[in-house]
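Let's take a walk through this structure together, starting with the overall layout and then moving on to individual side chains. Keep the viewer open as you read.

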Amino acid sequence: YYYFDIQGRTPGQNGNLKPSRKVDYEVGFQQKLSDNSALSISAYYNELRNMIAYSTLSKIATVGTYNTYTNIDFGTVKGFNFSYDLRRINFEFTAAYTLQFADGTGSDPDSQKGLTGKGINIRNIFAFTYDERHRLSFTGDYRYGSGKQYNGPRIGGVNILANTGINMLVTTASGRPYT
């Protein structure tokens, strides 16, 4: 308490911080299309509460202003997931698409530090830095079996690719803020 007005000696920690809370809601549907394939659809909604933010407190008992962390940030994440799975015959394939909207008052505790340092404590809702509007992911996997299930090339009667395979993962995303 003796160092409120001395630059660099202002207390920045806050022992009264509450833990951040996240409340999740999700509903989904999964349908078998054939013996080897399925389709999944889900929608989700997340509430982020008591998120920690850097704040400037002013006019505290005539000591002026000081910076500390408080529980004033909040946010929501909403989205849909669509996926298709083709289970292994010789080839396995998965395709997934996610549509997401993530926004709130701060992506991390220091996201508005530049404003609060000037004495401005504004809580505007904007896209989180990890907001990703569209995400598309494909996974493909091909495997050769062994023994009687082997269907690959043979050299001199030897199954040269028994128990081997190749796979590929392709992920693309768009709609990230600040890019």
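A quick definition before we start: a residue is called buried when its relative accessible area is under 20%, exposed when over 50%, and partly exposed in between. Keep in mind, too, that you're looking at a predicted model.

First, the overall picture. The protein chain has 1 helix and 9 strands. Reading from the N terminus, the order of the elements is β-β-β-β-α-β-β-β-β-β. Of the 179 residues in the protein chain, 27% are buried. As for contacts with a separation of 6 or more, 61% of those in the protein chain are between residues 24 or more positions apart. The surface comes to about 12,000 Å² for the protein chain, and carbon and sulfur atoms supply 56% of it.

Now for the charged side chains. Side chains of opposite charge can pair when their charged atoms come close. With a cut-off of 4 Å between a side-chain nitrogen of Lys or Arg and a carboxyl oxygen of Asp or Glu, the count here is 8 salt bridges.

Let's begin with E47, which you'll find in strand β2, residues 37-57. Is E47 buried or exposed? Its relative accessibility is 18%, so E47 counts as buried. Leaving aside residues up to four places away in sequence, E47 touches R21, K22, V23, Y25 and G75. E47 also forms a salt bridge with R49, and the closest N and O atoms of that pair are 2.2 Å apart. R49 has a relative accessible area of 32%, so R49 is partly exposed.

Next, have a look at R88 and D141. Their salt bridge has its closest N and O atoms 2.6 Å apart. What does the pair tie together? R88 sits in the loop between β3 (66-86) and β4 (91-104), while D141 belongs to strand β6 (residues 134-143), so the salt bridge ties together parts that are 53 residues apart in sequence. The two partners also differ in burial class: R88 is partly exposed at 37% relative accessibility, whereas D141 is buried, with a relative accessible area of 7%.

A further salt bridge joins the side chains of E132 and R135, at 3.0 Å from N to O. Here E132 is buried because its relative accessible area is 12%, and R135, at 34% relative accessibility, counts as partly exposed. Beyond single pairs, there's a network as well: salt bridges that share partners join R88, E92, D141 and R143.

Time to switch from charges to nonpolar side chains. Which residues make the nonpolar surface patch of about 540 Å²? They are F29, L33, L39, I41, F80 and F82. Three strands contribute to the patch, with β1 (21-34), β2 and β3 each supplying at least two of its residues. F80, for instance, has its place in strand β3. At 40% relative accessibility, F80 counts as partly exposed. Patch members need over 30% relative accessible area and no salt bridge, so the 40% of F80 clears that bar.

That leaves the aromatic rings. How many aromatic pairs does a search of the whole structure find? It turns up 8 aromatic pairs. One of the ring pairs is F82 with Y97: the ring centres are 6.2 Å apart and the planes sit at 20°, so the pair is stacked. F82 is in strand β3 and Y97 in strand β4, so the pair ties together parts that are 15 residues apart in sequence. F82, which you've just met in the patch, is partly exposed at 36% relative accessibility. Y97 is partly exposed too, with a relative accessible area of 26%.

Compare that with Y144 and Y150, whose ring centres are 5.9 Å apart and whose planes meet at 45°, so this pair is tilted. Y144 is partly exposed, with a relative accessible area of 22%, but Y150 is buried at 6% relative accessibility. To finish, find F91, F93 and F138, which ring pairs link into a cluster.

Methods: Residues numbered from 1 in each chain as written. Predicted model: local features only at pLDDT ≥ 70, side-chain atom pairs only at ≥ 80, totals over all residues. Heavy atoms only, no water. Helix = DSSP H or I, 4+ residues; strand = E, 2+ residues; numbered from the N terminus. Buried < 20%, exposed > 50% of the residue type's maximum accessible area, 1.4 Å probe, protein only. Contact = heavy atoms within 4.5 Å. Areas by Shrake-Rupley, 256 points an atom, 1.4 Å probe, with all protein chains shown as cover. Patch = residues over 30% accessible without salt bridge, like charges linked within 9 Å, V, L, I, M, F, W, Y side chains within 5 Å. Phe/Tyr/Trp six-rings, centres within 6.5 Å; stacked < 30°, edge-to-face > 60°.
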